Amino acid sequence: MSWGTELWDQFDNLEKHTQWGIDVLEKYIKFVKERTEIELSYAKQLRNLSKKYQPKKNSKEEEEYRYTSTRAFLATLNEMNDYAGQHEVISENMTSLITAELTRYVQELKQERKSHFHDGRKAQQHIETCWKQLEASKRRFERDCKEADRAQQYFEKMDADINVTKADVEKARQQAQLRHQMAEDSKAEYSSTLQKFNSEQHEHYYTHIPNIFQKIQEMEERRIVRIGESMKTFAEVDRQVIPIIGKCLDEITKAAESVDHKNDSQMVIEAFKSGFEPPGDVDFEDFTQPMKRTVSESSLSNSRGDGKSEPKFGSKSKGKLWPFIKKNKGAGPEDFSNLPPEQRRKKLQQKVDELNRDIQKEMDSRDALTKMKDVYIKNPQMGDAASVDHRLAELGQNIEKLRLEVQKFEGWLAEVEGRLPARSEQPRRQSGVYEAQNASGVNSCAQDRESPDGSYTEEQSQETEMKVPATDFDDEFDDEEPLPTIGTCKALYTFEGQNEGTISVAEGEMLYVIEEDKGDGWTRIRRNEDEEGYVPTSYVEVYLDKNAKDVHKPLQKISE
């Protein structure tokens with residue numbers, strides 16, 4: 001089966017067919033190129049999708065990923081990112097192994113095809129030239145034969161005519177012989193040209209054309225093999241990433257199987273458990289008795305048992321259920337005392353861990369600078385050892401401050417965990433004054449309870465109170481000017497301030513308000529220039545005034 005023998009007369013059709021083959025190859029290259037673009041686009045969309053649902057750093061959403069179900073979802077997002085990477089690999093491999101290779105091959109194929117068909121046209125032009133020469137020789141032989149016949153007939157006519165002179169007859173005879181000789185020469189030339197043409201034609205159709213067509217056939221067969229190999233590579237590129245894609249899917253399955261509903265339920269408990277006990281039964285209060293009533297220790301209300309009227313407008317006293325129901329505006333206290341015990345313990349533990357990490361960083365920096373200083377001492381040409389002393393001093397101060405912070409938060413943590421007494425002196429707001437946080441204060445259900453006679457009672461702890469080291473801010477506070485008054489208040493009940501930062505007041509006494517309740521149930525008041533402190537907000541009736549009061553002028557007690 002050879003194109004040279006079977007298709008010896010189909011030069012034009014072979015030229016069209018080979019051009020069609022190149023067009024098919026270019027079409028396949030375009031197909032693969034578009035496939036790679038689709039793979040890249042798909043990979044990009046997968047990556048964007050994975051990134052879109054990734055938790056944002058330092059956000060509440062990131063905290064939600066501690067549950068097994070959300071961790072499994074996060075693992076799925078990460079695996080989808082790897083999955084997208086495999087589609088990028090498909091695109092890269094198809095581009096390098098198929099598109100680039102075939103594009104280069106097409107250029108070579110076009111050059112080879114052009115060369116073969118150029119040789120074919122050259123051979124055709126040669127045989128056509130030989131044919132034209134044969135035709136010219138044949139026509140010349142035919143013409144000379146006719147001229148010789150006409151000359152012979154003219155000679156015979158002249159020879160038979162008795163009126164023609166002998167000279168004319170001789171001239172006609174010589175002309176006839178000349179024409180006959182020319183015919184013989186043309187015959188010989190025609191015969192020679194014919195033999196030559198037959199030889200060239202045989203060489204053309206049995207040697208030159210078969211060789212050229214054979215090369216064209218081999219070229220076309222290589223093209224067909226190459227496109228077949230490219231299709232195989234097309235499949236292999238996909239097949240190579242299947243194991244990795246399978247691993248991605250296996251990891252997603254493994255993450256899904258790691259979802260533990262019991263564990264997630266336990267984590268919900270740990271996240272939201274307050275540590276409080278449910279309230280007890282509410283005692284019956286007999287309103288038919290004329291005698292004074294006492295507030296039930298289990299009552300969840302904040303009603304007054306001494307029969308006094310409700311506070312006027314502007315009072316901060318409100319009925320409270322649980323301390324953690326109250327929503328404080330702005331940042332909470334430094335010791336997280338606004339949180340339930342269990343949540344407070346977790347926050348304090350996180351703060352301690354964070355401070356310890358900061359201490360470790362500072363210590364590492366100090367150690368590095370110490371080593372650098374030793375190098376400078378041994379090799380003065382490398383640097384001045386005294387240049388790092390200032391930085392070392394700063395690091396030492398930072399470490400000491402952080403250690404004091406750790407002690408402070410560990411003290412609060414110990415209180416929450418029960419290792420220290422429940423009552424301890426707490427820093428209050430930003431003033432540096434320490435406020436008592438006792439069992440009947442912030443973290444107790446009976447925050448605003450009263451004694452039988454209507455006065456506020458504080459249970460005294462028999463254990464040692466924890467003192468938090470004073471900071472540099474405390475010294476600055478001592479030298480500051482007194483805070484301006486923002487109004488007045490009337491003491492509704494007697495309060496014995498027995499903890500540092502509090503102040504005792506008598507029922508009916510009028511005092512200046514210098515700081516409103518910040519949401520923790522305490523109001524800061526002043527009696528005179530030297531006496532100021534905190535009292536429970538529910539034990540005073542506040543009258544805010546835009547005009548500041550004289551800080552040195554005491555107010556008189558209003559008798560009942």
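Here are legends for a few close-up views of side-chain contacts in this predicted model.

**View 1. A salt bridge between helices H2 and H4.** Glutamate 15 pairs up with arginine 121, and the closest N and O atoms sit 1.9 Å apart. The two partners come from distant parts of the chain: glutamate 15 belongs to helix H2 (residues 11-52) and arginine 121 to helix H4 (residues 68-160), with 106 residues separating them. Arginine 121 has a relative accessibility of 34%, so it counts as partly exposed. This is one of the 24 salt bridges in the structure.

**View 2. A salt bridge inside helix H4.** Here arginine 104 meets glutamate 101, with 2.5 Å between the closest N and O atoms. Both residues lie in helix H4, three residues apart, which is about one turn of the helix. Arginine 104 is partly exposed at 42% relative accessible area, and glutamate 101 is partly exposed too, at 29%.

**View 3. A salt-bridge network around glutamate 515.** Glutamate 515 forms a salt bridge with lysine 518, and their closest N and O atoms are 3.4 Å apart. With a relative accessibility of just 11%, glutamate 515 counts as buried, because the cut-off for that is under 20%. Shared partners join Glu515, Lys518, Arg524, Arg526 and Glu532 into one network of salt bridges.

**View 4. Stacked rings between helices H4 and H5.** The whole structure has eleven aromatic pairs. One of them is phenylalanine 141 with tyrosine 190, a stacked pair at 5.8 Å centre to centre and 10° between the planes. Phenylalanine 141 sits in helix H4 and tyrosine 190 in helix H5 (residues 166-257), so the pair ties together parts that are 49 residues apart in sequence. Both rings belong to buried residues.

**View 5. An edge-to-face pair of phenylalanine 495 and tryptophan 522.** The ring centres are 6.3 Å apart and the planes meet at 70°, so this pair is edge-to-face. Phenylalanine 495 comes from the loop between strand E3 (487-491) and strand E4 (510-515), while tryptophan 522 is in strand E5 (residues 522-526), so the contact ties together parts 27 residues apart in sequence. Phenylalanine 495 is buried at 0% relative accessibility, and tryptophan 522 is buried at 3% relative accessible area.

**View 6. A phenylalanine cluster, and an arginine over a tyrosine.** Phe11, Phe117 and Phe213 are linked into a cluster by ring pairs. For the other contact, look at tyrosine 105: arginine 226 lies over the face of its ring, 4.7 Å from the ring centre.

How values were computed: Residues are numbered from 1 along each chain as its sequence is written. This is a predicted model: local features need pLDDT of at least 70, side-chain atom pairs count only at pLDDT 80 or more; totals for chains, interfaces and linings use all residues. Side-chain values use heavy atoms; hydrogens and water are left out. A salt bridge is a side-chain nitrogen of Lys or Arg within 4 Å of a carboxyl oxygen of Asp or Glu. Helices (H or I, at least four residues) and strands (E, at least two) are DSSP runs, numbered from the N terminus. Buried means under 20% relative accessible area, exposed over 50%, partly exposed in between (1.4 Å probe, protein chains only). Rings of Phe, Tyr and Trp (its six-membered ring) pair if their centres lie within 6.5 Å; planes under 30 degrees apart count as stacked, over 60 as edge-to-face and the rest as tilted. A charge sits over a ring if NZ of Lys or CZ of Arg is within 6 Å of the ring centre and within 35 degrees of the ring normal.
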